[in-house]
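Biologist: I would like the reasoning behind the labels, one at a time. Can you take me through it?

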Amino acid sequence: MTTPLARALRAIDAANSADPTIEASQPAALLYGQRMSAELTRLFPDASEPLQIAARGQHIERWLLPRSDFPEGREGYLNWRREQGRRHAERVASIMREAGYDEEAVEQAAKMLRKEGIKRDAEVQALEDVICFVFVRHYFAPFAPSQEPGALLKIVQKTARKMSPEGRARALAEFDLPEPFATAFRD
């Protein structure tokens, strides 16, 4: 008999296996979820089950709502991100219920996926730190050349601001960040 955690993670992986975008020979959303779980285990080895599920489901079925469905510019981007968070929370909540979780655990994970309580809720903040570590570790280098230097610096500054002080300090210790990017993590 499998545990509710194993059932939930398996269901998230099955959903993300349908991502048509391939990265490193596998569906991009599946790979992202695996990277999130690995980083969570490394940074927060005692993470709760809702946090483990939220990390794995952070981008569940993200390709179903393309960024191009929203207007260009910052407002369109923020609206897209909010809607993605709402959809991810809803989809993961459904999976958790099917796996046998109670409503308290379901809402805990959904709150994390909606990013409610960054800087105030330890688990929401832990998820955000993991997201930022995954971005810097796996996605920053390929993303950077697509941005103008000033825009890239602003993105790094916003990323660093989302992190906890402990997360920023750990990022400085683990990543060889060139200036002025390192400064963003010190401020």
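Modeller: What follows is a short exchange on burial, contacts and salt bridges in this predicted model.

Biologist: Why is Phe-181 called buried?

Modeller: Its relative accessibility is 14%. Buried means under 20%. Phe-181 therefore counts as buried.

Biologist: Where is Phe-181 found, and which residues does Phe-181 touch?

Modeller: Phe-181 is found in helix 9, residues 181-186. Leaving aside residues up to four places away in sequence, Phe-181 touches Phe-140, Leu-152, Leu-153 and Val-156. Contact requires heavy atoms within 4.5 Å. Phe-181 and Val-156 are 25 residues apart in sequence, with C-alpha atoms 6.5 Å apart.

Biologist: Now the charged pairs. What makes Glu-23 and Arg-35 a salt bridge?

Modeller: Their closest N and O atoms are 3.0 Å apart. The cut-off is 4 Å, between a side-chain nitrogen of Lys or Arg and a carboxyl oxygen of Asp or Glu. The pair is a salt bridge. Glu-23 lies in strand 1 (residues 22-23) and Arg-35 in helix 2 (residues 28-43), so the bridge ties together parts 12 residues apart in sequence.

Biologist: Are Glu-23 and Arg-35 buried or partly exposed?

Modeller: Glu-23 has a relative accessible area of 25%. Partly exposed runs between 20% and 50%, and Glu-23 is partly exposed. Arg-35 is at 17%. The limit for buried is under 20%, so Arg-35 is buried.

Biologist: What separates Arg-42 and Glu-39 along helix 2?

Modeller: About one helical turn, because Arg-42 and Glu-39 are 3 residues apart in helix 2. Their side chains meet in a salt bridge at 2.4 Å, N to O. That value falls within the 4 Å limit.

Biologist: Why does Glu-39 count as buried, and what is Arg-42 called?

Modeller: Glu-39 is at 3% relative accessibility. Buried is under 20%, so Glu-39 counts as buried. Arg-42 has a relative accessible area of 33% and is partly exposed.

Biologist: How do you know that Glu-39 forms a salt bridge with Arg-137?

Modeller: The closest N and O atoms are 3.0 Å apart, and the limit is 4 Å. This pair links distant parts of the chain: Glu-39 in helix 2 and Arg-137 in helix 6 (residues 122-143), 98 residues apart. Arg-137 is partly exposed, at 35% relative accessible area.

Biologist: Which residues are linked in a network of salt bridges?

Modeller: Glu-39, Arg-42, Arg-137, Arg-170 and Glu-174.

Biologist: And how many salt bridges does the structure hold?

Modeller: The structure holds 15.

Terms used. Residues numbered from 1 in each chain as written. Predicted model: local features only at pLDDT ≥ 70, side-chain atom pairs only at ≥ 80, totals over all residues. Heavy atoms only, no water. Helix = DSSP H or I, 4+ residues; strand = E, 2+ residues; numbered from the N terminus. Buried < 20%, exposed > 50% of the residue type's maximum accessible area, 1.4 Å probe, protein only.
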